[in-house]
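Me: I would like to understand one part of this structure closely, namely the place where the ligand is held. Please describe its surroundings step by step, in terms suited to a first-year student.

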Amino acid sequence: MHHFEYRDGSLFAEEVSATKLAEEYGTPLYIYSAATFRRHFQAFDSAFKGLDHLTCFSVKANSNLSVLRMLGEEGAGMDIVSGGELYRALRAGIDPGKIVYSGVGKRESEIREALEARILMFNIESVAELHKINAVAEEMGTVAKVSFRINPDVDAKTHPYISTGMAKNKFGLDIEHSLEAYKQAVELKNIDPVGMDCHIGSQLTSIDPFLEALDKLLNFYEKLKDIGVDIKYLDLGGGLGIPYDEEEPPHPTEFGQALVEKLKALPLKIILEPGRVIAGNAGIMITEVVYTKSNPMKNFLIVDGAMNDLVRPSLYGSYHRIDEVEKNGRETDIFDVVGPICESSDFLARDRELPKMEQGERLVVFSAGAYGFTMASNYNTRPRACELIVDGDKVLVARKRETYEDLIENEI
Ligand SMILES: *Cc1c(COP(=O)(O)O)cnc(C)c1O
């Protein structure tokens, strides 16, 4: 459920007309719905209300400061994967005691920053990282709370680029070597192994891989107890999918129920790291048709939003629903919706049935709230888009459109 809907054929973001916003702020334009963000967060979080738990929003899905602040006010912690994301989360007023830090390549400076901030814990992805964190913590005279990210070797049945829990992936430690890693961790003076973690992939549309991973982790939990390691946290990562097209991912409530069933008897605090399921359908991108053209094979709608603004179609072949901002009831044809960038991979949709639009008219790209702006770049020296948050009838410029000056600011 989201709060982008048509009223008499005209697209609204909550109480505000998308056309009005595009006229005032220009295109390409990201629009987020505050009510949708809050609703998604609460729906997800309340699915786990039977358990002692903490829902940590995955910052890389949408890292706008105002978005993070808004989710923080709803009670969210944050799952970060870099020092930059730590900085954002802290600037957004997130309690460091609700921040977990994942990622295979944490640098020494980033580890120090996280220890200084006193985050809840590190999700460690290699034995080398364990020793690095121990060394940094020792130097700082502190103790680092850690989990190991365990790679359960399950197939998440999602796009290969966003599968993370198979043996061939770079993420986490295989179960075989994990026990040894915990044994080492227990011996290290500046490490306190407090938890277990896994994250098997993104855009999962079935609960089964989650349950398969959970079973392996719970089995491992017993082995940990056998060697006397008593952990307090079980972090199950993120990855729940959303409907972009015809997918029918489980509702968070169903997902929650399945997990709660298996976890309620355990003396563990459960951590969840949802990103896409909170943010994906809480944002749209508006783009304007610059030109139209046809050749004997194809019809093109050339729009001002490109792969630098929204890379998912180019990177993963992802589907985003696209429609008119103002419905005109015209006949349709089959189009490629492409951007101005000098790459043939620069498309938002291919072979899509759309109304015959004209120059200057606008399209909406749905489900752009996660991995949209955060993956944007300045390729082709294109300023990154403006991000708005609509809250009822109020509009907040959450990020100004970049200027040409911004683009060369750090260059000589
Ligand atoms: C990306 C990521 C998430 C969030 O994944 P979603 O599919 O957006 O829910 C959670 N945890 C980790 C470690 C991640 O890398």
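Reply: The description starts with a single contact in this predicted model. A nitrogen atom of the ligand lies 3.5 Å from an N or O atom in the side chain of His199. Two further contacts involve the backbone of the protein. An oxygen atom of the ligand is 2.8 Å from a backbone N or O atom of Gly239, and an oxygen atom of the ligand is 2.7 Å from a backbone N or O atom of Arg276. The extent of the covering can also be stated: the ligand taken alone exposes 390 Å², and the protein buries 94% of that area.

The wider shell comes next. There are 14 residues around the ligand, and the nearest of them are Lys60, Ser202, Glu273, Arg276 and Tyr371. Sorted by class, this shell holds two nonpolar, seven polar and five charged residues. As for its location in the protein, the ligand sits in the largest pocket.

Arg276 deserves particular attention, as it appears in several parts of this account. Arg276 has the backbone contact with the ligand given above, and Arg276 is found in helix H10, which covers residues 276–279. The UniProt record, an unreviewed entry, also lists Arg276 under the annotation "binding site", together with Arg312, Tyr316, Glu343 and Tyr371. These annotated residues are spread over 96 residues of sequence, and in space they are up to 27.0 Å apart between C-alpha atoms. Among them, Arg276, Tyr316 and Tyr371 belong to the lining of the largest pocket. Tyr371 is thus named twice: in the "binding site" annotation and among the residues that come nearest to the ligand.

The annotated domains provide the wider setting. From the same kind of record, UniProt gives "domain: Orn/DAP/Arg decarboxylase 2 N-terminal" (unreviewed entry) at residues 35–279. Over that span the chain is 41% helix and 17% strand, with the end C-alpha atoms 11 Å apart. UniProt also places "domain: Orn/DAP/Arg decarboxylase 2 C-terminal" (unreviewed entry) at residues 33–369. The span of residues 33–369 is 32% helix and 24% strand, and its end C-alpha atoms lie 9 Å apart.

Two details of the backbone complete the account. Thr27 and Pro28 are joined by a cis peptide bond, with omega of about -10°; Pro28 lies in the loop between helix H1 (18–25) and strand S4 (29–33). Arg118 has a positive phi of about 60°, although it is not a glycine, and Arg118 is in the loop between helix H5 (108–117) and strand S8 (121–124).

Definitions and conventions
Residues numbered from 1 in each chain as written. Predicted model: local features only at pLDDT ≥ 70, side-chain atom pairs only at ≥ 80, totals over all residues. Heavy atoms only, no water. UniProt positions renumbered as here; feature names shortened; annotations may be inferred. Helix = DSSP H or I, 4+ residues; strand = E, 2+ residues; numbered from the N terminus. Near = heavy atom within 4 Å. Polar contact = N/O pair within 3.5 Å; in protein donor to acceptor, adjacent residues only side chain to side chain. Areas by Shrake-Rupley, 256 points an atom, 1.4 Å probe, with all protein chains shown as cover. 1 Å grid on protein atoms, 1.4 Å probe; cavity = no way out; pocket = protein on both sides within 12 Å on 5 of 7 lines; lining within 4 Å. Sits in = over half its atoms within 2 Å of the grid points. Nonpolar A, V, L, I, M, F, W, Y, C, P; charged D, E, K, R; others polar.
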